[in-house]
There are 2 protein chains.
Amino acid sequence: MKTRLFIVDDHYLVIEGIRSLLQQEDDIEWMGHATNGESCLAFLQNHEPDVILMDISMPGMSGIDLCKMVKIKFPGIRILGLSTFDQKSFVEKMIENGASGYVLKNAGKEELLKAIMAAKSFKSYLSFDAAQALRNPNDKELPVLTRREKEVLELIASGMTNQEIADNLFISSTTVDTHRKNLMLKFEAKNVAAMINLAGKGGFL
Amino acid sequence: MKTRLFIVDDHYLVIEGIRSLLQQEDDIEWMGHATNGESCLAFLQNHEPDVILMDISMPGMSGIDLCKMVKIKFPGIRILGLSTFDQKSFVEKMIENGASGYVLKNAGKEELLKAIMAAKSFKSYLSFDAAQALRNPNDKELPVLTRREKEVLELIASGMTNQEIADNLFISSTTVDTHRKNLMLKFEAKNVAAMINLAGKGGFL
DNA sequence: TAAACTATCCTGTAAAAACAGGATATTTCA
DNA sequence: TGAAATATCCTGTTTTTACAGGATAGTTTA
C-alpha cells in the first residue's frame, strides 16, 4: 500500500522541489500541501494522510505547536519535522510533541525517503545532524516560559523600560522586575543583552 | 542556446528539489551545485555558468559577500539571490553587489523560471515579495558597522559589561562606551535590549 | 590634499537594571 | 484537595547603562 504524504511548509519552492523529487517514487502518494498550520488542520478535517512532513518555522502557528495539535486530534498520523535548524531544543520539542522523526533540509533524498518509510511503519528516524544535536550537551535546553513572561520578554526586546512595561500591562514596575529576574534565571543570562540574544536565537522573538 | 545554471545553497534538499523541478526544462543546462561559497569559487575556476542561483544565508561566506566576489572576478556571470528572507536590506545589498534579481523561496516554479530567463538575457527580475519589500519604507535599512563596532556588539550580546569588553579588547572602558553609544545611534535603539533584538534580526549575531 | 570616517580617550550626572530577600493571592493540575 | 506553579507586590543597595558634551590621532577616499 502506498504511503499517503502531506507536506506543510511556507516555502513554495521547497514544496514543489520535494514533490518533484518524490514523484518518481511508486510507493508514495502525494496528497497535497499547505503553507501554514491553519490550512493543514482544515485539510485534515476531510483527509487522513499517513505521514505529514512539517516545517517547524512558519509564520503564524509554528510547526512545534501544529505537531502537538495534530497528534492530539489525529494520533494515527505520523509527523516528520523538516527544518533548517539543528538546534537540540527544536528537535526535542518535536519529539516530545509526538513527531516520529526529524530531517534537516541539508539531508539528501535518500535520508528523506528513509525517514518517510520509517514513519510509515511506526518507527522513528532522526537525520544525522539532528541525532548529533541531541547528543550535544553544550547546546542548552530552551527554558519554559509562562505566558506573562513571554509578554514581558517581548516588551523588553522592544526597548521598553520596566516602568513602561508596567504601564502597558497595568501591573506594578516591581512585578515587571520580578518577571525580568525570573527570565534571566531561566535563560541563565548575566544581563539583558545576553538574554535577548539567547531569546532571539531560541525563537522567542 | 541553453542557459547554463549553477546553484549555491547549503540545503541539499533545496538543491535536489530545484534540480528535479528544472530537469524537464529543455533550455536549462544543470551545471552542478555547491553548498558553500568557497566551493562555488573553486568551481568557477574551470567553469563559467550563465546564471548562478545563490542562497544568501549560508554558513561561512554569506551570499551577499559571495555575490560581490563573483561579480568582481567574473562580471559576465548573472546572479540571482534565492532566499527565505524578504528583508529590504538583504534585497538591496544583493542588488548593490551586482545581482540580477532576487527570488523568494515561497515563489513558485514559474517565477523562478521567469527570473532565470530574465537574468540570461541580461535583464533583472525581482519576485513579487522582494519588490514589495523594496517599496516598504517602514523596513529600516541595516546600519553599516565598522569592524570594531561589530566586535563590541558581539561581546555585548555575549553578556559582557563595558569593563569586561574593555579588558578583552585591551582598550579603555570609556572607549567601549563610545562604541556602544554609536551602535545605539546606528540602530536607532533606545537601549541594549532593543539593539540586540534588532541586531539579531538583522543577522549581525 | 582636505574632508570624512574611525578609533581612541576623558568627566560627570541621571536613570535604569541587577542583586538580595522577602510576602501573598490565585491558578493549575496530579 | 493540597502541593506546585504563577503572578502579583514590597524595600533596600550596588552596579551598570544612558545621556551630555567634549578631545585627539590615525586612516580612508573623493
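Q: In this predicted model, what makes two strands count as paired, and how do β3 and β4 of chain B fare by that rule?
A: Two strands pair if DSSP finds at least two bridges between them. Strand β3 (residues 51-55) and strand β4 (residues 78-83) of chain B are joined by five bridges in the parallel sense, so the requirement of at least two bridges is met. Within chain B, B:I52 stands opposite B:I79 in β4(B).

Q: Why are β2 and β6 of chain B called edge strands of the sheet?
A: The sheet of chain B is open and has six strands in the order β2-β1-β3-β4-β5-β6, with parallel pairing. Strands β2 (28-34) and β6 (125-126) each have a single partner strand, so one side of each is left without a neighbour in the sheet.

Q: Which helices lie across strands of chain B, and at about what angles do they run?
A: Helix α1 (residues 12-22) of chain B lies across β1 (3-8), β2, β3 and β4, and runs at about 175 degrees to β2(B). Angles are taken from 0 to 180 degrees between N-to-C directions, so a value of about 175 degrees places the direction of helix α1 almost opposite to that of β2(B). Helix α4 (residues 88-96) of chain B lies across β4, β5 (101-104) and β6, and its angle to β5(B) is about 145 degrees.

Q: What makes the relation between chain A and chain B that of a two-fold axis?
A: Chain A is superposed on chain B by a rotation of 180 degrees with 0.1 Å of shift along the axis, at an RMSD of 0.3 Å. That is the relation of a two-fold axis. In chain A, the C-alpha nearest the axis belongs to A:G17, at 1.7 Å. The same surface serves both copies, since 100% of the contact residues of chain A recur in chain B.

Q: Which residues are closest to DNA strand C, and what share of the strand's atoms within 4 Å of the protein is sugar and phosphate?
A: DNA strand C is surrounded by 17 residues, of which the closest are B:T146, B:R148, B:S172, B:T175 and B:T178. Sugar and phosphate make up 68% of the atoms of DNA strand C that come within 4 Å of the protein. By residue class, the surface near DNA strand C divides into three nonpolar, nine polar and five charged.

Q: How do you know that B:T175, B:R148 and A:R180 make polar contacts with DNA strand C?
A: A polar contact is a pair of N or O atoms within 3.5 Å. From a phosphate oxygen of DNA strand C, a polar side-chain atom lies at 2.7 Å for B:T175 and at 2.8 Å for B:R148, while an N or O atom in the side chain of A:R180 is 3.0 Å away. Each of these pairs therefore satisfies the limit. The elements giving two or more residues to this surface are α9 (173-187) of chain A, with α7 (147-157) and α9 (173-187) of chain B.

Q: Which parts of DNA strand D do A:T178, A:H179 and B:V192 contact?
A: A polar side-chain atom of A:T178 lies 2.8 Å from a base nitrogen of DNA strand D. The other two partners are phosphate oxygens: one is 2.9 Å from an N or O atom in the side chain of A:H179, and one is 2.9 Å from a polar backbone atom of B:V192. These distances fall within 3.5 Å, so the pairs count as polar contacts. Around DNA strand D there are 19 residues, the closest being A:T146, A:R148, A:S172, A:T175 and A:T178.

Terms used: Residues are numbered from 1 along each chain as its sequence is written. Chains are lettered from A and ligands numbered from 1 in the order in which they are written. This is a predicted model: local features need pLDDT of at least 70, side-chain atom pairs count only at pLDDT 80 or more; totals for chains, interfaces and linings use all residues. Side-chain values use heavy atoms; hydrogens and water are left out. Helices (H or I, at least four residues) and strands (E, at least two) are DSSP runs, numbered from the N terminus. Contact means heavy atoms within 4.5 Å. A residue is near a molecule or strand if one of its heavy atoms lies within 4 Å of it. A polar contact is a pair of N or O atoms within 3.5 Å; within protein, one must be able to donate a hydrogen and the other to accept it, and residues adjacent in sequence count only if both atoms are side-chain atoms. Ala, Val, Leu, Ile, Met, Phe, Trp, Tyr, Cys and Pro count as nonpolar, Asp, Glu, Lys and Arg as charged, and the others, Gly among them, as polar. Copies are superposed by least squares on the C-alpha atoms of residues with pLDDT of at least 70 in both.
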